[in-house]
Amino acid sequence: MSRLIVVSNRVNPPADKGVGTAGGLAMALSAALREDKGLWFGWSGETVETYSGQMSMQVVGGVTVALLDLEEQDREEYYNGYANRTLWPLFHYRTDLVNYERSFDEGYERVNTRFAETLLPLIGPDDVIWVQDYHLIPLGRELRKRGVKNRIGFFLHIPWPARRVLNTLPRHAELVESMFAYDLIGFQTEDDSEAFNDYVMHDMGAEVFADGVVRAHGQTTRVKAFPIGIDADDFAATLKSDKAQDYRQRMLKSQVGRKMILGVDRLDYSKGLEERFAAYETLLDKYPDLQTQVFMLQIATRSRDAVDAYQDLRERLDTISGQINGAYATVEWVPLRYVNRPYRRDELAGIYASAHVGLVTPLRDGMNLVAKEYVAAQPPEDPGVLVLSEFAGAAEQMKEALIVNPMSREDVAEAIRKGLSMPLKERKARWELLMDKVQKSDVSRWRDDFVSLLKAPITPERPKVVPMASAQKIQSTVA
């Protein structure tokens, strides 16, 4: 019997569905695997003194998982190193933060090899394998080296960078060439798919066909955008839970008649938190009548504390938030509530529902499911307004939000002001269109669309797109 095998860096389906944090890969994949009775394979998050390749199998939250322990050196070179100090900043256009070391590269290749060797005995002849995210880009190639003929797909949850940005990565060609071992490569947005195709046409002389099929160096794959969604039905049930309703009432009570602006993010430089705080300060300065009438709640859960850039970011945000409160607070009003503790998903649902403006302004983001959860949590009779960065993948779908340039504090400040004063009729109209998209493009559709295309044969029949290198050659010849 054919199974779906999902492979990701971390395997962490929540035992209690209310515990998961907002917008996470864990919630999306858990929902998919519970229905398909599949297997989730990956790193346990634990390290051992000496790598043994031994797995532990268990059922967590209705999902069968296979967990692999790594060595401390693996954690430092593969995870903290190549994944989070090299690929993550590069793919989010932060070339100034990219740290490339040969040992990081070696650790990345070593762990992908270990994943392939350990996963191999678990693969049945009819299983479909779905590899997740930037940690495991070479895994398909390593499985092919070991004779795996199964259909293998890859999905990137973060942005794919523009060609000239990717070119700054040492050995970028080898990384991209390894992706042709997959039968299907999925991205969050059309923009990401186009950026990938632009690279392979320019740098690999690839042929890109109109149906998404790509050929280079005798290998063929298919490239397509699959915007990920939330489990809309499950989230609706979460919103009705006692915990969610309790948090909504607690938040409404704490507002004391004021309007709340809400941000919920991991503490990451890609989320634009510094720029967001500056925009909020601009709002208070430009519209003094809003002072004492609004406040901002920013939940920023700490992550990757072992990486220096994250430690520095936390210190800067602590300073900025203190400066804003010091400059504007009164004895009875604090303009910015900034917290770093994590909240359960059901608690967040209640917090979302009580917010008049949802502020989702990353500098670069693959999708950002917080935007979709915020919309799904809004009361239909009095919905809040979503302010969304044009550089979040969600902006391709959620055009009824107030779309902003997160780098412009004036742009974001004006959007917040507009959201706070927007008439009920317009808020309802925008929310209804957004909610319809959230429901129709949920996690089940994401899974079904990807897996069904992964199983389909690759037979390009439509006219191909001329490779950019060839087009330039033809153009120069004609001239």
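Start by selecting R250, which is partly exposed with a relative accessible area of 47% (buried means under 20%, exposed over 50%, partly exposed in between, with a 1.4 Å probe and protein chains only). You're looking at a predicted model, where local features need pLDDT of at least 70, side-chain atom pairs count only at pLDDT 80 or more, and totals for chains, interfaces and linings use all residues. Residues are numbered from 1 along each chain as its sequence is written, and side-chain values use heavy atoms, leaving out hydrogens and water.

Now add D246, partly exposed at 37%. Its side chain meets that of R250 in a salt bridge, 3.6 Å from N to O (a side-chain nitrogen of Lys or Arg within 4 Å of a carboxyl oxygen of Asp or Glu). The two sit four residues apart in helix α9, so about one helical turn separates them (helices are DSSP runs of H or I, at least four residues, numbered from the N terminus).

Next, hop to helix α8, residues 232-239, and pick its buried residues: A232, D234, F235, T238 and L239. They lie on the same side of α8, because they cover an arc of only 160° around the axis (taken from the directions from the helix axis to the C-beta atoms). Among what covers them are α9 and α15.

Then go to α4 and select K145 and E142, a salt bridge with its closest N and O atoms 3.4 Å apart. K145 is exposed at 59%, whereas E142 is buried at 4%. Both belong to a salt-bridge network that also links E109, E117, R141 and R146.

Last stop: R94 and D96, paired at 2.8 Å, N to O.

How values were computed. Contact means heavy atoms within 4.5 Å.
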